[in-house]
Amino acid sequence: MPTPKPLIAGNWKMNGLRASKGEFEAMIAGATPELVGRADILVCPPVTLLTLFADFAAGSPVSVGAQDTHTETFGAYTGFLSAEMLADAGASAVIVGHSERRAILDETDAMVHAKTLAAWRAGLAAIICVGETRAERDAGTAVSVVERQLAHSVPDGATDDRLVIAYEPIWAIGTGLTPTSADIEYMHGHIRDLLVARFGVEGRGMRILYGGSLKPSNAKEILAIPNVDGGLIGGASLKAADFLAIASAVPAR
Ligand code: PGA
């Protein structure tokens with residue numbers, strides 16, 4: 001079975017104004033047939049820019065996504081957005097369970113599970129984030145933490161077109177630090193084994209992204225690691241030049 005087509009996904013977090021549209025236009029312009037032949041390209045801007053960016057991206061190979069969803073379809077949930085609304089705004093995917101939301105808003109695996117089902121209900125792919133803290137890595141529990149997060153966050157019925165896993169060690173996010181290649185290879189291989197054990201052959205086609213201080217200078221090495229099927233990129237996804245440089249570092253498979 002061939003390896004999954006890599007995905008290069010940008011997570012803009014709480015960054016970006018309408019004035020940022022030039023960066024996004026440059027990303028679209030840089031998404032050459034050669035580049036998109038190697039990797040799918042997704043940008044997840046703040047929701048305020050979603051429709052604008054979706055309109056720009058229409059007819060291009062670049063997709064747009066959201067950074068979170070509520071679990072319900074509609075109703076009295078002031079300030080929240082449903083997966084149906086995100087799809088209506090042009091999103092094709094949504095990030096769920098990012099560590100910043102798990103930490104700041106106490107999002108649990110059960111909530112991530114419910115949000116993933118909501119994403120699927122609306123026809124969105126779900127990018128489920130998992131990853132250990134520095135203390136957990138130092139204590140030798142990184143693998144068991146990720147195992148637990150996967151077991152409880154990923155719903156039954158996952159398929160390779162609507163489930164993406166992003167392994168993001170929390171201590172590597174925004175810090176400039178990254179795990180060793182050996183540590184990344186071990187964790188991604190283990191996640192692959194768990195996905196295959198649970199979903200059979202479908203698990204082989206699911207993309208496992210690496211996230212955490214991925215940048216042009218380390219992308220070539222990290223994206224070449226077995227079972228690293230692309231990346232989830234925060235800071236370096238805000239500048240078209242950096243984001244495209246990372247995408248260009250995806251090895252031809
Ligand atoms: P970073 O963020 O690339 O800025 O480390 C990654 C993420 O949080 O998804």
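**Around the ligand and the cysteines**

Trainee: Which residues come nearest to the ligand?

Mentor: In this predicted model, there are 13 residues around the ligand, and among these K13, H98, E168, G174 and S213 come nearest.

Trainee: And what kinds of residues make up that shell, in terms of nonpolar, polar and charged?

Mentor: The shell around the ligand divides into seven polar residues, four nonpolar ones and two charged ones.

Trainee: Okay, what does E168 do there, in terms of distance to an oxygen atom of the ligand?

Mentor: A polar atom in the side chain of E168 lies 2.6 Å from an oxygen atom of the ligand. Backbone atoms take part in such pairs too, since a backbone N or O atom of G234 lies 2.8 Å from a ligand oxygen, and a backbone N or O atom of G235 likewise lies 2.8 Å from an oxygen atom of the ligand.

Trainee: How much of the ligand does the protein bury?

Mentor: Taken alone, the ligand exposes 280 Å², and the protein buries 95% of that area.

Trainee: Switching topic: how many disulfides are there?

Mentor: The count comes to zero disulfides. C44, for instance, is in no disulfide, and the nearest cysteine sulfur to it, which belongs to C129, is 9.5 Å away.

Trainee: Why no bond for C129, then?

Mentor: Because the closest cysteine sulfur, in C44, is 9.5 Å from the sulfur of C129, that is too far for a bond, given that a disulfide needs two cysteine sulfur atoms within 2.5 Å.

Trainee: Are those two cysteines buried or exposed?

Mentor: C44 is buried, with a relative accessible area of 0%, and C129 also counts as buried, at 2% relative accessibility.

Key. Residues numbered from 1 in each chain as written. Predicted model: local features only at pLDDT ≥ 70, side-chain atom pairs only at ≥ 80, totals over all residues. Heavy atoms only, no water. Near = heavy atom within 4 Å. Polar contact = N/O pair within 3.5 Å; in protein donor to acceptor, adjacent residues only side chain to side chain. Areas by Shrake-Rupley, 256 points an atom, 1.4 Å probe, with all protein chains shown as cover. Nonpolar A, V, L, I, M, F, W, Y, C, P; charged D, E, K, R; others polar. Buried < 20%, exposed > 50% of the residue type's maximum accessible area, 1.4 Å probe, protein only.
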